[in-house]
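Please open the model in your viewer and keep the selection panel at hand. The stops below go from one strand to its partners, then to a residue and a pocket.

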Amino acid sequence: EGVRRAAQALRKLRAVAAPTAASSDRPLPQFVGTLPAGASAPAAGRSKGGGGGGGARFTPAGAAGSGKAKGGAAGVASSQAAAAASSRLQYSIGEEFDEFGAQVLYEDVEAAVAASEAAAPFDLSPPELRGAPTSSSTSALLARSNQLPPAPKGPTQPLPPGCVLLKGWLSPAQQLQIVGMLRDLGLGPGGFYTPSYGPGQTMHLRMMCLGKHWEPRTHSYTDIRAYHDGARPPPLPQQLTDMCLAALKDASAKASERGSKMPGLTPDICLVNFYEKTGRLGMHQDKDETQESLSKQLPVVSFSLGDAADFLYGSTPDEAKAGSVRLESGDVLVFGGPARMIYHAVPRIYPHTAPSELLESSGLRPGRLNLTFRQWHAL
């Protein structure tokens with residue numbers, strides 16, 4: 001698993017560096033040892049021992065501190081950001097990895113990815129997708145839909161008290177407005193990035209925080225992205241706050257009909273996640289807000305746009321015992337009060353299920369866009 005993830009990270013780094021190197025006389029960094037010339041990434045060979053290490057370490061010639069490196073000279077990428085990060089790449093050569101005998105140090109690859117993201121921000125709605133028809137005909141789209149498991153008519157288990165689903169609450173116009181706002185914010189400082197719990201623990205999504213930054217490594221909220229680029233999160237737009245409060249009002253009324261009370265909310269943070277077709281999020285609780293906020297059981301309000309996804313929920317972290325509901329574009333899910341600390345997960349995205357009107361009008365990338373509003377500090 002470690003080699004597979006290292007290979008994926010290296011492929012991403014080379015994909016980022018390749019366009020800049022193509023316009024330069026200087027080649028991409030080449031590494032010596034048992035890595036064949038021209039190889040794009042180490043293959044996921046079978047591990048013969050625990051962990052990495054063992055054998056000699058190799059660094060690109062000319063890199064800082066590489067005087068003891070064994071091997072010939074290596075070029076540097078033309079991109080300054082990629083070159084700075086690439087200069088820190090090292091391979092561990094040892095019998096643990098049996099095809100190329102190389103392991104990328106995760107933190108160095110992630111530094112290169114961070115540099116590339118700063119140089120080329122993630123565009124939620126690339127210009128080439130806006131105003132263009134969907135990628136396939138209606139008949140082909142229906143054929144793909146027929147290959148998907150049938151969507152459940154409702155939750156596989158009753159939603160717990162304090163958990164309310166508002167199907168299709170967001171209008172097409174509101175969804176289009178949200179995509180436009182988030183696209184603009186995502187291209188600026190503090191925009192979308194790839195979060196990580198630590199070296200080699202990259203999350204399977206893109207994230208942008210509004211109001212305050214949620215730091216996965218410390219499970220806390222901060223004013224800047226200290227572990228990434230030092231950027232300050234964009235403020236939470238008033239238009240999004242207004243939509244959140246309107247949805248919460250309807251959810252509170254629905255909760256009252258079921259005999260439960262939904263606490264009020266003054267959202268001051270919003271986590272925006274974008275999942276591509278292989279994106280996912282494991283079972284967890286949202287418990288990093290202040291103790292005052294959690295003790296008052298202030299709700300989380302979740303907006304879904306784009307592709308559909310399965311949402312798991314339960315009283316324990318055991319996915320096998322969790323209930324499931326399909327969330328589709330325009331759905332709003334609220335959990336607060338007695339349901340505030342439910343475990344939940346997004347185990348699967350269903351590609352090609354987003355409304356074609358939304359894709360054509362907004363140019364939204366294929367995938368699922370999710371906004372979760374919270375109140376970090378209770379007044």
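Begin by selecting strand E7 (269–275), where seven of seven residues are buried, buried meaning under 20% relative accessible area, with exposed over 50% and partly exposed in between, for a 1.4 Å probe and protein chains only. Strands (E, at least two residues) and helices (H or I, at least four) are DSSP runs numbered from the N terminus. This is a predicted model, in which local features need pLDDT of at least 70 and side-chain atom pairs count only at pLDDT 80 or more, while totals for chains, interfaces and linings use all residues. Residues are numbered from 1 along each chain as its sequence is written, and side-chain values use heavy atoms, with hydrogens and water left out.

Colour the two faces of E7 separately: Ile269, Leu271, Asn273 and Tyr275 lie on one side, Cys270, Val272 and Phe274 lie on the other, and both faces are covered.

Next, add the strands that pair with E7, bearing in mind that two strands pair if DSSP finds at least two bridges between them. Strand E4 (residues 206–210) runs antiparallel to E7 and is joined to it by five bridges, and Met207 stands opposite Asn273 of E7. E14 also pairs with E7 in the antiparallel sense, over seven bridges, and here Arg374 in E14 is the bridge partner of Ile269.

Stay on strand E14 (residues 368–374) and select Asn370. Is Asn370 buried or exposed? Asn370 counts as buried because its relative accessibility is 5%. Its side chain makes a polar contact with the side chain of Ser302 at 2.9 Å; such a contact is a pair of N or O atoms within 3.5 Å, where, within protein, one must be able to donate a hydrogen and the other to accept it, and residues adjacent in sequence count only if both atoms are side-chain atoms. Beyond its neighbours within four places in sequence, Asn370 is in contact (heavy atoms within 4.5 Å) with residues including Leu271, Asn273, Tyr275 and Phe303.

Finally, show Leu281, His284, Asp286, His344 and Arg374, which are the closest to the centre of the second largest pocket among the 28 residues that line it. A pocket is an open set of points on a 1 Å grid over the protein atoms alone, where a 1.4 Å probe fits, with protein on both sides within 12 Å along at least five of seven lines, and lining residues have an atom within 4 Å of a point. E7 and E14 are among the strands that each supply at least two residues of this lining.
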